[in-house]
Amino acid sequence: MQIPLVDLKAQYAEIKDEIDEAVRGVIESAQFINGPNVKSFEASFAKFCGCKRAVGVSSGSSALVVALKAAGIKEGDEVITTANTFIATAEAISQMSAKPVFVDVERETYNMDIEKLRKAITPKTKAIVPVHLYGYPTDMKPLMEIAEKKNLAVIEDCAQAHGTEYKGRRVPVSGIGCFSFFPAKILGCYGDGGGIICNDEEFADRAAALKDHGRMPGEKYIHSLIGYGERLDEIQAAILNAKLKHLDKWIEKRREIAHFYTKSLNGAGVPKEAEKNKHTYYMYVVRHEKRDLLQASLKKEGISTGVHYPVPLHLQPAYSYMRLGEGAFPEAENAAKEILSLPLYPELEREQQEYVIEKVNGFVK
Ligand SMILES: Cc1ncc(COP(=O)(O)O)c(C=O)c1O
């Protein structure tokens, strides 16, 4: 049996007619930029998140850049995030000429350790960017208390957390969240795409202007701000509109498979959901001391797996100038050596799930 980590072809087969019609509609209308599909997707996705506004952008990375810019982050500011995330989170901070300040993660959830966050705050700290990694929420209540007390902006990296819930409420909890619609994400388009979700109308208008060359609502050849060319396009928005209708069902399917894995695999490495939190299992991550051997043995059996991520950000060549080195963030470093993402997607058949379980349990025994 051959099992990929993600199977986008299986998903397309299920919704082919809807996708083909959506794409054809855009091509026939010949309205590719700033059209009705982006508008309707923004309205529907904001509603899905339980927030007032959504601003479509060209990727999750640009969502972070535009949101940080809209929040006024600038040279010399410090912005706190975690060491165990995709580099785009820190890159966006660096692109503001601000300083990313990494903190370690909790062993169980892989998310920001709030006690360590407390210690990382300095007079230069301007914002916190928590990442809801793998679809499990960061502990936002104490984080928000700290942010309010210290008057810090909070911009949630929700790239992996479509539909994730914290204490019964969908992320973003703080009121500003950045999503990625990269094809393999829980909600993905057929290219690059992203969105900024927020409750503040003024912030949304600023973000919408920044992603479209600084044009404020109603402006065409007037550019009030120095912005970017980072729009979501109509074809991607039409695909997202078609896929959004299936999202709740797909999330429930992910959870069903994850719960079956956890029951059958003893669940080592997967956080237990705190009361009223909802994990959406963008990644189903197990932990093993001999991770590389486990990964190689699964590969031999036809099972593709992934490591998200093998190198924490402070050990990346791009951030070597910080001279943080090995030992700076032990939990992130240990996780990087032991974590393994197993195949999990809504179309994964029961027979395939059982095959993965059999092979993982066979190795662990
Ligand atoms: C945590 C996190 N942040 C940001 C991004 C960037 O999103 P994109 O690939 O859409 O630019 C990703 C995507 O992989 C991500 O996983």
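Student: Which helices each supply at least two residues of the shell around the ligand?
Tutor: This is a predicted model, in which local features need pLDDT of at least 70, side-chain atom pairs count only at pLDDT 80 or more, and totals for chains, interfaces and linings use all residues. Residues are numbered from 1 along each chain as its sequence is written. Helices (H or I, at least four residues) and strands (E, at least two) are DSSP runs, numbered from the N terminus. The helices that each supply at least two shell residues are α3 (60–70) and α4 (87–95).

Student: Which of the 15 residues around the ligand come nearest?
Tutor: A residue is near a molecule or strand if its C-beta atom, placed from the backbone, lies within 6 Å of it. Of the 15 residues around the ligand, those that come nearest are S59, G60, S61, A159 and S180.

Student: How many residues of the shell around the ligand are charged?
Tutor: Ala, Val, Leu, Ile, Met, Phe, Trp, Tyr, Cys and Pro count as nonpolar, Asp, Glu, Lys and Arg as charged, and the others, Gly among them, as polar. The shell has five nonpolar and eight polar residues. Its charged residues number two.

Student: At what angle do α3 and α4 pack?
Tutor: Axes are lines fitted to C-alpha atoms, for helices over the stretch in contact, and angles run from 0 to 180 degrees between N-to-C directions. The axes of α3 and α4 are 9 Å apart, and the angle is about 35 degrees.

Student: Which residues of α4 make the contact with α3, and what is the hand of the crossing?
Tutor: A crossing is left-handed if the near helix is turned anticlockwise from the far one by less than a right angle, and right-handed if clockwise; that of α3 and α4 is right-handed. Two residues are in contact if their C-beta atoms, placed from the backbone, lie within 7 Å. On α3 the contact is made by G60, S61, L64, V65 and L68, and on α4 by A88, T89, E91, A92, I93 and Q95.

Student: Is α3 oblique or roughly parallel to α7?
Tutor: The axes of α3 and α7 (residues 201–210) come within 9 Å and cross at roughly 125 degrees. Angles under 35 degrees count as roughly parallel, over 145 as roughly antiparallel, 65 to 115 as roughly perpendicular and the rest as oblique. The crossing angle therefore makes the relation of α3 to α7 oblique.

Student: How many polar residues does the contact of α3 with α7 have?
Tutor: The crossing is right-handed. V66, A67, K69 and A70 of α3 meet F203, R206, A207 and L210 of α7. By class, this contact has six nonpolar and two charged residues, and as for polar residues, it has none.

Student: How far apart do the C-alpha centres of domain 1 and domain 2 lie?
Tutor: The protein is divided into domain 1 (8–244) and domain 2 (247–364), with bounds that come from an automatic or database domain assignment. The C-alpha centres of the two domains are separated by 23 Å.

Student: Which element gives the largest share of the side of domain 1 that touches domain 2?
Tutor: Across the interface, 36 residues of domain 1 are in contact with 25 residues of domain 2. On the domain 1 side, α1 (8–29), α4, β7 (165–166) and α8 (234–244) each supply at least two residues. The largest share, three residues, comes from α1.

Student: Which residues of α12 make the contact with α9?
Tutor: Helix α9 (residues 247–265) and helix α12 (residues 350–364) pack at about 30 degrees, with axes 10 Å apart, and they are therefore roughly parallel to each other. The crossing is right-handed. I257, F260, Y261, S264 and L265 of α9 make the contact with four partners on α12, Q353, I357, V360 and N361.

Student: What is omega for the cis peptide bond that joins H308 and Y309?
Tutor: Y309 lies in the loop between α10 (291–300) and α11 (330–338). For the cis bond from H308 to Y309, omega is about 15 degrees.

Student: Where is S97, and what is its phi?
Tutor: S97 is placed in the loop between α4 and β3 (99–103). S97 is not a glycine, yet its phi is positive, about 60 degrees.
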